[in-house]
Amino acid sequence: MRALVHDTFGEPHEVLKVESLPLPQPGPGQVRVRTLLSPIHNHDLWTVRGTYGVKPELPAQAGTEAVGVVDALGDGVENLSIGQRVATGGTFGVWAEYFLAPAAGLLPVPDGLSDETAAQLVSMPFSAIALLETLQLEPGQWLVQNAANGAVGRLLAQLAVARGIHVVGLVRRAEGVAELEAQGITGIVATDAPDWREQVAALTGGAPIAVGVDSVGGTASGDVLSLLAENGRMVVFGAMASPIMNLASGDVIFKNLTVTGFWGLKVSAAMPAAQRGALLGELVTRIREGALTLPVAATYGFDDIAQASRANFEPGRVGKVLLRP
């Protein structure tokens with residue numbers, strides 16, 4: 001089978017290449033899946049660079065989320081059948097024509113969901129809804145987030161609004177406001193405007209902002225923190241611009257603020273199965289209602305991985321970049 005492999009850590013467009021590997025055989029409790037589509041996530045490319053929280057042994061395959069068709073069953077697998085569509089959001093090495101996964105970790109894809117939607121169903125949407133769940137906000141409360149035009153930012157805004165939670169989204173350039181409004185996401189403020197703080201106050205009507213989500217780092221972290229009300233909480237989801245957060249100690253001290261982290265992989269692994277199933281069910285419901293959208297920016301073949309990995313970081317991109325074997 002053909003698979004994307006890297007022998008060294010480095011820039012994905014330089015080190016990823018297509019190689020021919022033996023077709024894997026499923027062991028007990030495993031399933032072999034024929035890949036249909038797989039999205040490119042930032043953490044996939046950070047893993048290839050060797051800068052993510054998980055560092056694979058080399059040579060390594062890549063990719064963690066995919067939709068595919070069950071191709072072979074290992075001993076003891078009874079809950080899935082050959083030919084069934086399934087999705088996974090935590091199986092390493094899915095950028096291949098076939099991959100192995102534990103049967104218990106695969107999600108049967110409901111009828112009516114396209115391959116493009118199913119390919120994105122688990123990782124980013126589940127991270128967003130798990131994050132929202134941990135924030136423990138009530139309907140009517142306010143949340144502020146930066147990187148509002150990122151994948152998780154868009155999803156978090158849509159899911160929060162569907163739950164009756166108000167969201168202020170911060171973007172770094174004015175063009176981002178129109179991009180999000182075109183997707184039906186409102187409450188967006190561009191921080192390159194000199195009066196952006198006044199715009200936030202006008203949106204909230206002076207209501208307290210209970211929680212902030214920081215996915216950028218640097219001075220953007222401090223911007224989010226400064227908007228929080230007394231006893232507020234900032235949750236750090238990512239560090240797109242800088243691994244260092246610039247925070248004003250006065251904000252933390254005098255408003256009694258707390259700063260915590262969130263890593264979806266850890267949260268998902270520790271979550272009870274019943275809660276995980278309920279959140280996945282909510283995602284499917286929101287998609288069918290049209291409250292949650294999962295657009296696709298472009299689809300590339302494995303041979304075009306260099307172009308695809310560059311496209312993932314293009315400013316203003318709307319939707320995921322997908323790979324097709």
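Trainee: Which classes of residue make up the lining of the second largest pocket, and how many belong to each?
Mentor: This is a predicted model, in which local features need pLDDT of at least 70 and side-chain atom pairs count only at pLDDT 80 or more, while totals for chains, interfaces and linings use all residues. Residues are numbered from 1 along each chain as its sequence is written, and side-chain values use heavy atoms, without hydrogens or water. A pocket is an open set of points on a 1 Å grid over the protein atoms alone, where a 1.4 Å probe fits, with protein on both sides within 12 Å along at least five of seven lines; lining residues have an atom within 4 Å of a point. With Ala, Val, Leu, Ile, Met, Phe, Trp, Tyr, Cys and Pro taken as nonpolar, Asp, Glu, Lys and Arg as charged, and the others, Gly among them, as polar, the lining has no charged, seven polar and nine nonpolar residues.

Trainee: Which element gives the most to this lining?
Mentor: The second largest pocket has 16 lining residues, and those nearest its centre are Ala157, Val161, Gly184, Ile185 and Thr186. Helices (H or I, at least four residues) and strands (E, at least two) are DSSP runs numbered from the N terminus. Strand S10 (166–171) and H5 each supply at least two lining residues. With four residues, the largest contribution comes from H5.

Trainee: How are H4 and H5 oriented to each other?
Mentor: The axes of H4 (residues 123–135) and H5 (residues 151–162) come within 9 Å and cross at roughly 50°. Angles under 35 degrees count as roughly parallel, over 145 as roughly antiparallel, 65 to 115 as roughly perpendicular and the rest as oblique. H4 and H5 are therefore oblique.

Trainee: How many nonpolar residues does the contact of H4 with H5 have?
Mentor: Contact means heavy atoms within 4.5 Å. On the H4 side are Met124, Pro125, Ala128, Ile129, Leu131 and Leu132, which meet Val152, Leu155, Leu156, Leu159 and Ala160 of H5. By class, this contact has no polar and no charged residues, and its nonpolar residues number 11.

Trainee: How many charged residues does the contact of H4 with H11 have?
Mentor: The axes of H4 and H11 (residues 273–289) come within 10 Å and cross at roughly 115°, which makes these helices roughly perpendicular. Pro125, Phe126, Ile129, Ala130 and Glu133 in H4 meet Gln275, Arg276, Leu279, Leu280, Glu282 and Leu283 in H11. By class, the contact has seven nonpolar residues and one polar residue, and its charged residues number three.

Trainee: Which residue has a positive phi although it is not a glycine?
Mentor: The residue lies in the loop between H4 and strand S9 (142–145). With a phi of about 55°, it is Gln136.

Trainee: Which two residues does a cis peptide bond join?
Mentor: One partner, Pro59, lies in the loop between helix H2 (42–49) and strand S4 (60–61). Omega is about -5° for the cis bond, which joins Leu58 and Pro59.

Methods
Axes are lines fitted to C-alpha atoms, for helices over the stretch in contact, and angles run from 0 to 180 degrees between N-to-C directions.
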